[in-house]
Amino acid sequence: MPEKEEMHHERCGALLRECHRFPGPYAFKVIGLNAPDWENDAVCALRSALGAVDIECARRETGSGTYISLTLSAHVREAEDVMAAYAVLRALPGLKMLL
């Protein structure tokens, strides 16, 4: 990992640990194209990053039906799990926003 990227990773981890209690529940918000398998792809991507954990999924569709917003809630052990999950979710085809 390049030095600048490593410093950013460390700062993000420190901020997560400062603002969130681990282990515990964490909610990921993802918005993407309303495609047939997109919701399942997002859940599978999160599961691949976090391992065999239960994931709750709340789904909302935009008025036009073009996009869906998912709130994916899971129990995470540590800040590094959250950062790994964000990295996997960022790579989802059709992703429009990740919060």
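## Accessibility of the cysteines

Is Cys 12 buried, partly exposed or exposed? In this predicted model, Cys 12 has a relative accessibility of 27% and therefore counts as partly exposed. Cys 19 has a relative accessibility of 60%, so this residue counts as exposed.

## Disulfide status

The number of disulfides in the structure is 0. A disulfide would require a pair of cysteine sulfur atoms within 2.5 Å. For Cys 12, the closest cysteine sulfur belongs to Cys 19 and lies 11 Å away, which is too far for a bond.

The account from the other residue is reciprocal: Cys 19 takes part in no disulfide, and its nearest cysteine sulfur is that of Cys 12, at 11 Å.

## The largest pocket

The largest pocket has a volume of about 250 Å³. Two elements each give two or more residues to its lining, namely helix H1 (3-19) and helix H3 (79-90). Helix H1 gives the most, with 5 residues.

The lining of the largest pocket comprises 10 residues. Those nearest the pocket centre are His 8, His 9, Cys 12, Met 83 and Arg 90. Cys 12 thus appears in this group as well as in the disulfide analysis above, where its sulfur is 11 Å from that of Cys 19.

## Composition of the lining

Sorted by class, the lining of the largest pocket contains 6 nonpolar residues, 2 polar residues and 2 charged residues. Cys and Met count as nonpolar and Arg as charged; Cys 12, Met 83 and Arg 90 are among the residues nearest the centre.

How values were computed:
Residues numbered from 1 in each chain as written. Predicted model: local features only at pLDDT ≥ 70, side-chain atom pairs only at ≥ 80, totals over all residues. Heavy atoms only, no water. 1 Å grid on protein atoms, 1.4 Å probe; cavity = no way out; pocket = protein on both sides within 12 Å on 5 of 7 lines; lining within 4 Å. Points joined across faces, edges and corners; volume = space filled by probe spheres on them. Helix = DSSP H or I, 4+ residues; strand = E, 2+ residues; numbered from the N terminus. Buried < 20%, exposed > 50% of the residue type's maximum accessible area, 1.4 Å probe, protein only.
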